[in-house]
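Please look through the sequence and the coordinates shown here before reading on. The paragraphs that follow move from the loops to the strands, then to the aromatic rings and the pocket.

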Amino acid sequence: QVRLVESGGGLVQAGGSLRLSCAASGSIFSINDMAWYRQAPGKQRELVARISSGGRTNYADSVKGRFTISRENASKRTVYLQMNSLKVEDTSVYYCNADLAPSGLGLRSYWGQGTQVTVSS
C-alpha cells in the first residue's frame with residue numbers, strides 16, 4: 001500500500017523556521033512530481049511549491065524567497081520544505097502530494113494526511 005507520511009509541523013513564532021518532510025513508502029514503480037500544498041480554515045487548498053523528478057521547482061508568489069523545496073537525491077522518495085521567515089499568514093495544514101505509479105499500476109496522485117503549521121505573532 002502506498003503511503004505519504006509527513007512530519008515536521010508545529011508551532012513557531014513569526015520570523016522563525018520549520019522544515020517539513022514527506023516520505024513515500026510502499027511498492028512504487030516511479031515518482032514524478034512531488035509538491036506541498038496548504039489549506040487554511042475556510043480557504044481553498046493552494047499549491048505552495050512543486051519539484052519535478054529532475055529537480056525543477058516552482059513556488060507560489062507568497063513564499064518565493066522564503067521557502068525551499070528539495071528532494072532526497074538517491075531514491076527521490078522524500079521531499080522537504082524548508083520554511084524560513086515564517087509569517088502568521090503561513091499558518092495552515094500542509095499536505096504532501098506526489099504523482100506516482102505504484103508497481104503494476106498507472107500514474108495517479110497521492111496525498112499525505114497533513115501536518116499543522118502554526119505561526120504566532
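Does Pro 41 count as buried or exposed, and what is its relative accessibility? Pro 41 counts as exposed because its relative accessibility is 76%, where buried means under 20% relative accessible area, exposed means over 50%, and partly exposed lies in between, computed with a 1.4 Å probe and protein chains only. This is a predicted model, in which local features need pLDDT of at least 70 and side-chain atom pairs count only at pLDDT 80 or more, while totals for chains, interfaces and linings use all residues. Residues are numbered from 1 along each chain as its sequence is written, and side-chain values use heavy atoms, with hydrogens and water left out.

Pro 41 belongs to the loop between E4 and strand E5 (46–51); strands here are DSSP runs of E with at least two residues, and the numbering starts at the N terminus. Although 51 residues separate Pro 41 from Ser 92 in sequence, their C-alpha atoms are 7.5 Å apart in space. A further contact of this kind involves Lys 87, in the loop between E8 and strand E9 (92–102): Lys 87 and Gly 15 are 72 residues apart in sequence, yet 6.4 Å apart from C-alpha to C-alpha. Lys 87 counts as partly exposed, because its relative accessibility is 36%.

The loop between E8 and E9 also holds Ser 85, whose phi is near 50°, a positive value in a residue other than glycine. With a relative accessible area of 42%, Ser 85 is partly exposed. Lys 76, in the loop between strand E7 (67–71) and E8, likewise is a residue other than glycine with a positive phi, here near 65°, and Lys 76 is partly exposed at a relative accessible area of 29%.

The strands can now be followed through their pairings, where two strands pair if DSSP finds at least two bridges between them. Strand E1 (residues 3–7) runs antiparallel to strand E3 (residues 18–25), and 5 bridges join them, with Ala 24 in E3 as the bridge partner of Leu 4. The side chains of E1 alternate, such that Leu 4 and Glu 6 point to one face and are buried, whereas Arg 3, Val 5 and Ser 7 point to the other and are not. E3 is in turn joined by 6 bridges to strand E8 (residues 78–83), again antiparallel, and Thr 78 in E8 stands opposite Ala 23.

Another set of pairings involves E9. Of the 11 residues of E9, 9 are buried, so E9 is largely enclosed by the rest of the structure. E4 and E9 run antiparallel and are joined by 9 bridges, one partnership being that of Tyr 37 with Tyr 95 in E9. E9 also pairs in the antiparallel sense with strand E11 (residues 115–120) over 3 bridges, where Gln 116 is the bridge partner of Val 93. With E10, E9 pairs in the antiparallel sense over 4 bridges, and Asp 99 has Ser 109 in E10 as its bridge partner. E9 and E10 form a hairpin with 5 residues between them, and Gly 104 in the turn has a positive phi of about 85°.

How many aromatic pairs does the structure hold? There is 1 aromatic pair, a term for rings of Phe, Tyr and Trp (its six-membered ring) whose centres lie within 6.5 Å, with planes under 30 degrees apart counted as stacked, over 60 as edge-to-face and the rest as tilted. The pair is formed by Tyr 37 and Trp 111 and is edge-to-face, at 4.9 Å centre to centre with 65° between the planes. It links distant parts of the chain, since Tyr 37 is in strand E4 (residues 28–39) and Trp 111 in strand E10 (residues 108–111), 74 residues apart. Tyr 37 counts as buried because its relative accessibility is 16%, whereas Trp 111, with a relative accessible area of 38%, is partly exposed.

Trp 111 has a further neighbour in Arg 45, which lies over the face of Trp 111 at 4.7 Å from the ring centre; a charge sits over a ring if NZ of Lys or CZ of Arg is within 6 Å of the ring centre and within 35 degrees of the ring normal. Arg 19 lies over the face of Tyr 80, at 4.0 Å from the ring centre.
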